[in-house]
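Open the model in your viewer and keep the selection panel at hand. This tour goes stop by stop, naming what to select and what is there.

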Amino acid sequence: MGRTPPTVTVTVTAVRVAVAVAVALLLTGLPLPPASAAHPPALASTSLAPEARGALPLSALFDNIAVSDDSRPAEADFDGAGASLSASALAAAGWAPGAVLTLGGARLTWPATAPGEPDNAGAAGQWAAVAGRGDALAFLVAGTTGTEITGTGLVAYADGSLAPYGLAVPDWRTGPLATKAVALPYINTPAGQLAEKARLYAVSVPLDPDREVVAVQLPQAPGAHVFAVAVRAPADGWTGTWATAPSGLISVGPWTDRTLRLVVHTSTGGPRLRLRFDNAFAGTPVRIGAATVAVQAQGAAADAVPVPVTFGGAPGTTVPAGTQVYGDPLPFAVPADSNLLVSFHLPGTVSALPVHRLAVQRSYVGGGPGDLTGDPAGTAFTATIGHWPLLTGVEVGDGPGSLVLLGDSITDGDRSTVDANRRWPDALADRLLAQHLVPHFGVLNAGIAGNRVTTDRYPGDGVSTDAAGVSALHRLDRDVLAQPSARTVIVLLGVNDLLAGGDAARVTAGLREIADRAHARGLRVLGATILPCGGRSGCTAAVDAERTAVNAWIHESGGGNGGGGGVFDGVLDLDAVIRDPARPDRMLPAYDSGDHLHPGDAGLAALAGAVDLGTL
């Protein structure tokens, strides 16, 4: 089972807040914001911690103007030097005043204020009224000091208890593009526009999911600005059955008035279904005119008339830049270990979309214009694609929760048979379905071909031909921690870092950070040893020495399947499964796909077959 989230948390950049600082806050507190006639205290219950009783709605704490009209830039001063965000650029991204934006599974409301009005709170220890129960507290933030800002605040629960949290706030002009929620193309100043990216960030910290939040103390963090805060609601009753990780923003089509029909493979089944679309990395919204789901018969043909999916009761939706949209829950019998057809109509012109580049699965594009989502025959889908645009998740009702496999091309299924679902996560899902000793968990594939632990391949913004993803550290929150009902994460990463010249110390530091952040969210973490690549161009003896050092550290860092206090709760020695005993720097020929880096179908099945299901 998962661990209980600790009170001192780890932020998205793994800034660890010292226990002494948190204890000092608990003992001394920070000044409460004064009450006013215009904004009386929202909370006054005597059952609350005294510090939280004066909490106000966040909008009552707004004391800074970040957004300006392009024609009146002097009306805002976000950074103290006259620079500001453009209201026009925000609107072009789909971030209109009052818009509800789903980021990392949390619903955050962009301030419903006009340009030139206060729209954010400088973080200075104020108490904000925030209600809800969930596994994470999400902030929409940006810093204005030129560097990352860290601070510590408190969460007040309805039972009267307080818990400290740590927050790291990236800078709006210099922070990493790889983790931004949205980037705007220019910055307003009284002297004119600056052609540089303005960034906003969604940052989350763990909560105790069993307790009700009533208020949050903002960190004492000069230069950090908070636009919105919300509790991420629990995914009660939902289990992920299929998922993929956005690997980049690539040129497509262009498609105008076209329908896509994507083929995805379920791991577990259920009586209801919910779809998730993710416009990650994009700078503009995308419109979905209609969507349907069906069980695949063959090719683009459905076994019955596709069932319409709605969005807030409407047939279509717009996905703002950088955000997610969930379809409404749909009564639909989802079979386990089966292919679904998810169709969606793009009524506008689309020239770039976030995709998962390596699907190892053919999907389909309508050969002509119009909404073809309801077509059961599939004959109108005359073109094929080998990637998954926009769609990132399928969830089913009920179920015991999910396993997430975080990896690179080996997990992604590179060199496995196309359209056959022989990736090693698929084989692991088959094993789970065939037994009754452990639950039939959903198995979610978060592998990205070419991905690295610590460095980005895709830069995190804009159209690029490199769709090998941002680093595992930068995508961990979106691709793993925000997955519904995730229970365990298996990490098989590092070979691409080493082939690119990285060393064991950097890889192991990154793996430790992944494990720490996953544990802070209550997940069980299994570390997998790196497979050999001898015979591959660039896989030198020096690279193998670093690989061996990483694997030794993984073995030493195992916690004895849940005990012992190790970095990992268990170790999967996949290296031992796949290597040639006579030449341990190489794969067994029977398992090698032929490129000496990726196992073939037999090797991938061997990886899945070696997992002790009890460790899950």
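**Stop 1: helix 10**

Select helix 10, residues 601-609. Its buried residues pack against three helices: helix 3 (409-412), helix 4 (424-433) and helix 9 (574-578). Which residues of helix 10 are buried? Show Gly603, Leu604, Ala606, Leu607 and Ala608. This is a predicted model, so colour by confidence before going on.

**Stop 2: confidence**

The chain averages a pLDDT of 92. Of the residues, 91% score at least 70. Now select residues 1-46, where the pLDDT is below 50. Beyond near neighbours in sequence, this stretch still has 94 contacts in the model. Next select residues 560-564, where pLDDT also stays under 50. The model has 9 contacts for them beyond four places in sequence. Where pLDDT is low, the predicted coordinates should not be read in detail.

**Stop 3: the loop before helix 10**

Go to Asp595. The residue sits in the loop between strand 35 (583-587) and helix 10. Is Asp595 buried or exposed? Its relative accessible area is 9%, so Asp595 counts as buried. Show the side chains of Arg415 and Arg536 as well. Leaving aside neighbours within four places in sequence, Asp595 is in contact with these two arginines, Arg415 and Arg536. For a distance check, pick the C-alpha atoms of Asp595 and Pro389. They are separated by 28 Å, with the two positions 206 residues apart along the chain.

**Stop 4: helix 7**

Select residues 504-520, which form helix 7. Draw a distance between its end C-alpha atoms: they are 24 Å apart. At 1.5 Å a residue, the 17 residues should span 24 Å, so the model agrees with expectation. Now turn on a surface. In helix 7, 12 of the 17 residues are buried, so the helix is largely enclosed by the rest of the structure. The buried set is Ala504, Val507, Thr508, Gly510, Leu511, Glu513, Ile514, Ala515, Arg517, Ala518, His519 and Ala520. Step just past the end of the helix to Gly522, where phi is positive, about 85 degrees.

**Stop 5: helix 5 against helix 7**

Keep helix 7 on screen and add helix 5, residues 472-481. The two axes come within 10 Å and cross at roughly 30 degrees. Angles under 35 degrees count as roughly parallel, so that word applies to helix 5 and helix 7. The crossing is right-handed. Which residues meet here? From helix 5, show Ala472, Leu473, Leu476, Asp477 and Leu481. From helix 7, show Gly510, Glu513, Ile514, Arg517 and Ala518.

**Stop 6: helix 8 against helix 7**

Now swap helix 5 for helix 8, residues 541-556. The axes of helix 7 and helix 8 come within 9 Å and cross at roughly 35 degrees. On the helix 7 side, the contact uses Ala504, Val507, Thr508, Leu511 and Arg512. On the helix 8 side are Glu546, Ala549, Val550, Trp553 and Ile554. Helix 7 passes helix 8 in a right-handed crossing. An α-helix has 3.6 residues a turn, so residues three or four places apart point the same way.

**Stop 7: Asp497 in helix 6**

Select Asp497, which is in helix 6 (residues 495-499). With a relative accessible area of 5%, Asp497 is buried. What surrounds it? Beyond four places in sequence, Asp497 is in contact with Arg452, Val453, Thr454, Thr455, Gly502 and Val507. Val507 belongs to the buried set of helix 7. Then pick Ser471: its C-alpha atom is 10.0 Å from that of Asp497, and the two lie 26 residues apart along the chain.

**Stop 8: backbone exceptions**

Most residues other than glycine have a negative phi, and most peptide bonds are trans. Select strand 15, residues 248-265. Pro254 lies in this strand. The peptide bond from Gly253 to Pro254 is cis, with omega near 5 degrees. Asp257 is in strand 15 too. Its phi is positive, near 55 degrees. At 24% relative accessibility, Asp257 counts as partly exposed.

Finish at Asp337, in the loop between strand 23 (330-334) and strand 24 (339-356). Phi of Asp337 is positive as well, near 50 degrees. Asp337 is partly exposed, with a relative accessible area of 35%.

Definitions and conventions
Residues are numbered from 1 along each chain as its sequence is written. This is a predicted model: local features need pLDDT of at least 70, side-chain atom pairs count only at pLDDT 80 or more; totals for chains, interfaces and linings use all residues. Side-chain values use heavy atoms; hydrogens and water are left out. Helices (H or I, at least four residues) and strands (E, at least two) are DSSP runs, numbered from the N terminus. The expected span of a helix is 1.5 Å times one less than its number of residues. Buried means under 20% relative accessible area, exposed over 50%, partly exposed in between (1.4 Å probe, protein chains only). pLDDT is the predictor's confidence in each residue, from 0 to 100. Contact means heavy atoms within 4.5 Å. Axes are lines fitted to C-alpha atoms, for helices over the stretch in contact, and angles run from 0 to 180 degrees between N-to-C directions. Angles under 35 degrees count as roughly parallel, over 145 as roughly antiparallel, 65 to 115 as roughly perpendicular and the rest as oblique. A crossing is left-handed if the near helix is turned anticlockwise from the far one by less than a right angle, and right-handed if clockwise.
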